[in-house]
Amino acid sequence: MTVTKLSSREFNQDVSRAKRAADEGPVIITDRGEPAYVLLRHEDYRRLKGGGPTIVEMLAQPESADMEFEPPRLGNEIFRPADLK
């Protein structure tokens, strides 16, 4: 994979060059010498974005909504407050 850097000016003057370069890998477009944008092929973007569930959806666990849960009580031998001295 080839990473190409173009200034904003170069990008504006030759968009076709940037698109051809994006076929080979990401194109970093700089603004005043600092990276500002990245041009990718759409299929690469979709791959990076992923299509799976979000972290919120994974943590929600709707299939376990009816599960019973009784946490152990503090104070027995297994669980005790931490000694932070």
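Strands, like helices, are DSSP runs, a strand being a run of E with at least two residues. The legends below describe a predicted model.

**View 1. Thr30 in strand β2.**
Thr30 has its place in strand β2, which spans residues 27-31. The relative accessible area of Thr30 is 12%, so Thr30 is buried, the limit for buried being under 20%. When neighbours within four places in sequence are left aside, Thr30 contacts Leu6, Ser7, Ser8, Pro35 and Ala36.

**View 2. The open sheet of three strands.**
The strands of this open sheet follow the order β1-β2-β3, and their pairing is mixed. β1 (4-7) and β3 (34-39) are the edge strands, each pairing on one side only. On average, neighbouring strands of the sheet are turned by 35 degrees against each other, with direction ignored. Strands of a sheet pair through backbone hydrogen bonds, in either a parallel or an antiparallel way.

**View 3. The pairing of β2 with β3, and the loop between them.**
Five bridges join β2 and β3, which pair in the antiparallel sense. Asp31 stands opposite Glu34 of β3. Arg32 is found in the loop between β2 and β3. Arg32 has a phi near 55 degrees, a positive value in a residue other than glycine. Is Arg32 buried or exposed? With a relative accessibility of 80%, Arg32 counts as exposed, since exposed means over 50%.

**View 4. Thr4 in strand β1.**
Thr4 belongs to strand β1, one of the edge strands of the sheet. Thr4 counts as buried because its relative accessibility is 17%. Apart from neighbours within four places in sequence, Thr4 is in contact with Ala21, Pro26, Val27 and Ile28. Of these contacts, Ala21 is itself a buried residue of helix α2.

**View 5. The two sides of helix α2.**
Helix α2 covers residues 15-24, and within it Ala18, Ala21 and Ala22 are buried. Why do the buried residues of α2 line one face of the helix? Seen down the axis of α2, they fall within an arc of 105 degrees, and therefore they line one face. An α-helix has 3.6 residues a turn, so residues three or four places apart point the same way. Lys19, Arg20 and Glu24, on the other side of α2, are exposed.

**View 6. What covers the buried residues of α2.**
The cover over the buried residues of α2 includes helix α1 (8-13) together with strands β1, β2 and β3. These three strands are those of the open sheet.

Terms used: Residues are numbered from 1 along each chain as its sequence is written. This is a predicted model: local features need pLDDT of at least 70, side-chain atom pairs count only at pLDDT 80 or more; totals for chains, interfaces and linings use all residues. Side-chain values use heavy atoms; hydrogens and water are left out. Two strands pair if DSSP finds at least two bridges between them. Helices (H or I, at least four residues) and strands (E, at least two) are DSSP runs, numbered from the N terminus. Axes are lines fitted to C-alpha atoms, for helices over the stretch in contact, and angles run from 0 to 180 degrees between N-to-C directions. Buried means under 20% relative accessible area, exposed over 50%, partly exposed in between (1.4 Å probe, protein chains only). Contact means heavy atoms within 4.5 Å. The arc is that of the directions from the helix axis to the C-beta atoms.
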